[in-house]
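Reader: Could you take me closely through one part of this model, the open sheet, strand by strand? I would like to know how its strands pair and what surrounds them.

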Amino acid sequence: MNEVREERQGSYGRKYVLDGALPTPRGTLLQIRTVWMIDAGEDAPRFARRTRCKFQREVVMRFKELDTVVLTHNVPEHSLKEGDLGAIVHLHADRETVEVEFVTAEGRTIAVLTLRHEDIRSIADREILHVRDYSVALG
């Protein structure tokens, strides 16, 4: 539900400022502000503009346990690369972090990492899986 933050009558009509949220592909909500006008002599509102509310980002838990996720950056200390797949094994109560397990094709655990939402993303429908050698990193 969008909240009317401000309502003001002016010489051109009535202005409404609403705050709301749009979900992003990474599972966060982007806080936005929209301005609507009902012009003098009119009944229907018209969209006037949209702005992003700075410093008002709310994280919403979009992932579930056992979801397969994609790493969004390299993690050199574990020889993980952007694009590697992992499985969410735990959702933290803070709603900002998750535990993700990364394994080899034979099921050997490489790492279990505590990651933030910006560190992972869902697999997109049109992506194809890729396999890479990890034996050098295993030693």
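Author: What follows is a walk through the sheet, its hairpins and its nonpolar surroundings. The model is predicted, so local features need pLDDT of at least 70 and side-chain atom pairs count only at pLDDT 80 or more, while totals for chains, interfaces and linings use all residues. Residues are numbered from 1 along each chain as its sequence is written, and side-chain values use heavy atoms, with hydrogens and water left out.

The open sheet has 5 strands in the order S9-S8-S7-S6-S10, with antiparallel pairing; strands here are DSSP runs of E with at least two residues, numbered from the N terminus, and two of them pair if DSSP finds at least two bridges between them. Strand S9 (109–116) and strand S10 (120–122) stand at the edges with a single partner strand each, so one side of each lacks a neighbour in the sheet. On average, neighbouring strands are turned by 45° against each other, direction ignored, with axes taken as lines fitted to C-alpha atoms.

Strand S6 (residues 68–71) joins strand S7 (residues 85–91) in the antiparallel sense over 3 bridges, and Val69 has Gly86 in S7 as its bridge partner. S7 in turn runs antiparallel to S8, to which 4 bridges join it, one pairing being that of Leu91 with Val98 in S8. The hairpin of S7 and S8 has 5 residues between the strands, and Arg95 takes a positive phi near 65° there.

Strand S8 (residues 97–103) is mostly covered, with 5 of its 7 residues buried, where buried means under 20% relative accessible area, exposed over 50%, and partly exposed in between, with a 1.4 Å probe and protein chains only. S8 pairs with S9 in the antiparallel sense over 7 bridges, and Glu101 stands opposite Val112 in S9. These two strands also form a hairpin with 5 residues between them, in whose turn Gly107 has a positive phi of about 95°.

The largest nonpolar core (buried Ala, Val, Leu, Ile, Met, Phe, Trp, Tyr and Cys residues joined through side-chain atoms within 4.5 Å) holds 13 residues, of which Leu80, Ile88, Val100, Phe102, Leu113, Leu115 and Ile120 touch the most other members. S6, S8 and S9 each supply at least two residues of this core. In soluble globular proteins, nonpolar side chains tend to be buried together. Leu85, found in strand S7, counts as partly exposed because its relative accessibility is 34%.

Key:
Axes are lines fitted to C-alpha atoms, for helices over the stretch in contact, and angles run from 0 to 180 degrees between N-to-C directions.
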